[in-house]
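Hi,

Here is the structure I said I would pass on. Have a look at it first, and my notes on what turned up are underneath.

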Amino acid sequence: MVRSSCLLFRKYGNFIDNLRLFTKGGSGGMGYPRLGGEGGKGGDVWVVAEKKMTLKQLKDKYPHKRFVAGEGANSRVSALKGSKGKDCEIPVPVGISVTDEHGKIIGELNNEKDKVLVAKGGLGGKLLTNFLPLKGQKQIIHLDLKLIADVGLVGFPNAGKSSLLSRVSHAKPVIADYVFTTLKPELGKIMYHDFKQISVADLPGLIEGAHLNRGMGHKFLKHLERTKQLLFVVDISGFRLSPQTEYRTAFQTIILLTKELELYDEELQTKPALLAVNKMDVPGARDKFQELMHQLQNPEDFQHLFDKNMIPQKTLKFQHIIPVSAITGEGIEELKDCVRESLDEQANQENSASHEKQLLNLRLSNAISYGLSR
């Protein structure tokens with residue numbers, strides 16, 4: 001396996017992952033009735049993905065959050081065909097989903113320079129419109145950022161995700177002895193000696209009921225939609241949100257995390273998943289780990305530990321289960337290697353599936369051509 005060197009972090013101060021904007025296409029220009037001249041079309045409003053843009057920068061630069069395109073030029077004797085109004089471009093980060101005010105998806109921008117039309121300009125005046133121009137389209141849009149990463153970390157608060165990533169990266173994320181240590185997403189990259197890079201999204205901790213938007217709720221879960229794989233991080237000693245809530249063992253934590261994903265979006269359960277069992281330096285961790293492995297191998301034998309509505313319909317099968325300790329460094333290199341191995345395997349499977357699909361299409365095409373030629 002290839003050994004990795006470090007994990008580099010990019011932190012988001014005052015993180016914003018959604019914005020509501022007013023957009024309006026430009027009005028068309030006046031026609032010229034006597035000479036049959038046509039006014040210019042109004043400019044359009046586009047949302048365009050830029051590599052180093054953030055929604056916070058967009059909000060700071062355009063505090064009124066109004067975007068209006070230019071008006072089309074009037075038709076005149078020296079230019080019977082009026083020129084088109086200037087388009088308006090809204091710069092946004094990669095990974096934006098654009099929806100209208102009713103929640104309907106207008107488009108998604110997953111790559112740099114992707115663009116989506118959100119407000120059309122009005123037609124210029126012409127014979128068809130009695131030479132009167134039309135107004136541009138008005139539309140309220142919502143920009144919703146869903147981080148794009150190779151790996152998304154899944155875990156209840158205090159699972160040690162920040163500590164674990166601090167250990168492997170030598171970065172200094174905020175770590176404290178309270179429940180919600182991570183309050184905003186952080187993106188990092190595992191850098192390997194052969195220059196391979198794997199992006200990791202460290203996201204705010206879930207709580208039970210997150211699918212109902214409790215705690216960080218959808219603010220957390222939506223970012224998992226665009227990750228290739230999931231890395232569960234659990235505390236070997238279990239989890240308890242507060243003295244008023246029920247204590248959960250490591251096994252119960254995994255089941256409840258799985259259920260939250262299922263209730264939010266069943267598609268999340270189809271993603272390849274790994275499990276990092278953290279805090280293996282605490283007393284009794286070895287015995288608890290052996291018990292956890294037994295439970296994961298025979299989950300149906302332990303369903304009595306849960307209410308029926310807490311049991312997921314599909315139990316996740318982890319590709320790798322790695323015991324780790326952010327304090328001692330145990331299992332850190334193995335964890336990095338397993339992440340690399342799993343992603344490489346997924347890429348190979350996707351390439352093979354794509355190749356088989358191309359071959360099938362080619363055979364079908366040849367068969368159709370042969371049939372037509374007979």
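Lys-336 is buried, with a relative accessible area of just 6%, under the 20% that marks the cut-off for buried. Even so, Lys-336 has a charged partner: it forms a salt bridge with Glu-333, and the closest N and O atoms are 3.3 Å apart. Glu-333 is partly exposed, at 29% relative accessible area. The two sit 3 residues apart in helix α6, so about one helical turn separates them. Bear in mind as you read on that this is a predicted model.

Helix α6 covers residues 332–373 and has another charged residue to look at, Arg-340. Which residue does the side chain of Arg-340 meet in a salt bridge? That would be Asp-194, with 2.7 Å from N to O. Here the pair links distant parts of the chain, as Asp-194 belongs to the loop between β11 (186–192) and β12 (197–202), 146 residues away from Arg-340. Arg-340 is buried, with a relative accessible area of 11%, while Asp-194 counts as partly exposed at 38%.

Now over to a different pair, Lys-84 and Asp-44. They form a salt bridge too, and their closest N and O atoms are 3.8 Å apart. Lys-84 lies in the loop between β4 (66–68) and β5 (88–93), and Asp-44 in the loop between β2 (18–24) and β3 (45–50), so the salt bridge ties together parts that are 40 residues apart in sequence. Is each partner buried or exposed? Asp-44 is buried, with a relative accessible area of 10%, whereas Lys-84 is partly exposed at 42%. These two also belong to a network of salt bridges that links Lys-41, Asp-44, Lys-84 and Asp-87.

If you wonder what is behind such pairs, side chains of opposite charge can pair when their charged atoms come close. The structure holds 17 salt bridges, among them the ones I have just gone through.

Finally, the overall picture. The protein chain has 374 residues, and 48% of them are buried. Its secondary structure comes to 6 helices and 15 strands. Taking contacts with a separation of 6 or more, 75% are between residues 24 or more positions apart. The accessible surface of the chain is about 19,700 Å², and carbon and sulfur atoms account for 52% of that.

That's what I have so far. Over to you!

Cheers

Terms used:
Residues numbered from 1 in each chain as written. Predicted model: local features only at pLDDT ≥ 70, side-chain atom pairs only at ≥ 80, totals over all residues. Heavy atoms only, no water. Helix = DSSP H or I, 4+ residues; strand = E, 2+ residues; numbered from the N terminus. Buried < 20%, exposed > 50% of the residue type's maximum accessible area, 1.4 Å probe, protein only. Contact = heavy atoms within 4.5 Å. Areas by Shrake-Rupley, 256 points an atom, 1.4 Å probe, with all protein chains shown as cover. Salt bridge = Lys/Arg side-chain N within 4 Å of Asp/Glu carboxyl O.
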